[in-house]
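I opened my notebook beside the viewer today and jotted down what I looked up. Here are the entries, in the order I made them.

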Amino acid sequence: PPAINNPPPPNNPWQGGPGSGGGPPPQEPPPQKEGSPPPPPGGDEGGGGVALKKEIGLLSACGIIVGNIIGSGIFVSPRGVLGNAGSVGVALAVWAATGVVTALGALCYAELGATIPKSGGDYAYVKDIFGGMAGFLRLWISVLVIYPTNQAVIALTFASYVLRPLFPAGGAPEPGLRLLAAACLLLLTWLNSASVRAATRLQDACTAGKLLALAVIVAAGAWRLAAGHAGWLRPPLSFWWLQPPEAGRVALAFLQGSFAYGGWNFLNYVTEELVEPERNLPRAIFISIPLVTAVYVLANVAYVTAMTPYELLQSDAVAVTFGEKALGPLAWLMPAAVALSTFGGVNGSLFTCSRLFYAGAREGQLPALLAMIHLRRRTPIPALLVTCVSTLLMLVTGDTYTLISYVGFANHIWYGVAVAGLLVLRWREPRRPRPIRVPLVLPGLYLLLWGALGVLALLREPLACGVGLAVTAAGAPVYLLALRPRSKPPALQRAVASLTRLGQQLCLVVYPHSDPQPHSAPQSAPHGDPKGRGEEQQPLAAQPHN
């Protein structure tokens, strides 16, 4: 193919400028072979360049939300929620209330996503509203710890349940677990690099499989209820305190439940690939969040029909224990369901995390190579590869579960910062177009509830919450030292530029078009392209970034 000579995004301190090897200036297009169509007119107005494809419809959008929320959480979090809530009735109330709080946050994110239609989710919103340092701190905690550790844990959960039938007694050996988890990550990274459509279709299939498995749990629970196994659901047993009630523990129960609801904001990370986001974003939220909340509450009701609260608290795999007690010969469904659920969870997390890398690079806060996409497949291959490598590194580390508990509090603090940004944007830019506009009472109520829960959790577990805040704050000196200086040493600029060009040649990627406009009226077919296939006939050299 001809040389890839598109310049990097402007003002990116990770990329050298002209004269330092940081990407040559725009050049004349390469000579065309005889009979090949000429390139489209230069500049952005001509429709040249490549951009992320808008291929995510309403069904796939619902699949992304449901598929990312329903992971391993519903199969392992009930133990933590019940243990902190103190009684069955309060635990069920916590599951329902957490769904309501999640819905409030998702609706606020819908307005943010339509007002600031950028991929990158809350990172993009925080950066646009509060400035570069706030955005970088959100990016720092996300790409350094949160997403790699979450993906590593989900992949290990997938491996453990796949190998469980082969090692029913003592459990699978640790090296085997980590190798299978690594194979899962490599396979899904290849799939996401090959095709956005294939990745979203896999997500749809995994989502359907997970819902089917949860439907089996709910149906078995309904059958047991009809058979009279409702002892712990009837007062006064439903509010029989397993331990003395405490407000701080209830707040921790909410945070445990929020782990199971994690992923509700993932659709905002791929806004630019969503068809008609101003319509499909709120529709997907209205469909997905109530569906997940109902499934979670009914699944926990089903668990209690087959297990006493004490048995549930002793179980390391609640769904497997439920299957052994309630499903009889169909007990094998539960390990299979958890494996399918976590496989889809890794796929969805890779899909969205790579878009966060892409957004950070496009904003100049990560190396420019991570913002580039494949010329034909339109997928962010460099970002996917970095996501995969960082997750593989987490697989060989120690106790990633403890690390997740440390950063979980900080993650939820950033949800509140993004929702607070909605109020700031309303005050600062009241005339800004807002395709979606939520009542101000929703962000106010969300901030009130989540702030109260955060304070109670901080008072109850100051060490875990404090470490999460400390990891976030550690990004501030990195930002001041690496991103604020206007000039970089020439040797560093040349090295970064050389690595960027090498990455482009290896991955066949270019910086994307700034405004793809995929649904604009078709232009007349260029000479030599009577069928007007347009974007399939673009030359390999992308147009300069505007």
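How much space lies in the largest cavity? I noted about 80 Å³ for the largest cavity, keeping in mind that the model is predicted.

**Entry: the cavities**

I searched the whole structure and got four cavities of 30 Å³ or more. For the largest cavity, I wrote down the lining: P78, V81, L82, V88, A91, L92, W95, N300, Y303, V304 and L312. I then asked which helices supply at least two residues each of that lining. They are α2 (73–85), α3 (88–115) and α9 (277–306). The largest share belongs to α3, with four residues. I also sorted the lining by residue class and counted 10 nonpolar, one polar and no charged.

**Entry: helix α6**

Next I checked the length of helix α6, which runs over residues 174–194. Does its span agree or disagree with what 1.5 Å a residue gives? The expected span for its 21 residues is 30 Å, because the rise is multiplied by one less than the number of residues. I found the end C-alpha atoms 31 Å apart, which agrees.

I went through α6 for burial as well. The buried residues are L177, A181, A182, C184, L185, L188, T189, L191, N192 and S193.

**Entry: A457**

I moved on to A457, which I located in helix α15 (residues 441–460). Is A457 buried or exposed? Its relative accessibility is 0%, so A457 counts as buried, the cut-off for buried being under 20%.

Which residues does A457 touch, leaving out those up to four places away in sequence? I listed A251, L252, L255 and C465. I also took one distance from A457, to F409, which is 48 residues apart from A457 along the chain. Their C-alpha atoms are separated by 8.3 Å.

**Entry: the whole chain**

Last, I stepped back to the protein chain as a whole. I counted 18 helices and two strands in it. The chain has 546 residues, and 53% of them count as buried.

For the surface, I recorded about 23300 Å² exposed by the protein chain, with carbon and sulfur atoms supplying 66% of it.

I finished with contacts along the sequence. Taking contacts between residues at least 6 apart in sequence, I found that 83% join residues at least 24 apart. The contacts of A457 with A251, L252 and L255 are on my list to view again.

Notes. Residues numbered from 1 in each chain as written. Predicted model: local features only at pLDDT ≥ 70, side-chain atom pairs only at ≥ 80, totals over all residues. Heavy atoms only, no water. Buried < 20%, exposed > 50% of the residue type's maximum accessible area, 1.4 Å probe, protein only. 1 Å grid on protein atoms, 1.4 Å probe; cavity = no way out; pocket = protein on both sides within 12 Å on 5 of 7 lines; lining within 4 Å. Points joined across faces, edges and corners; volume = space filled by probe spheres on them. Nonpolar A, V, L, I, M, F, W, Y, C, P; charged D, E, K, R; others polar. Contact = heavy atoms within 4.5 Å. Areas by Shrake-Rupley, 256 points an atom, 1.4 Å probe, with all protein chains shown as cover.
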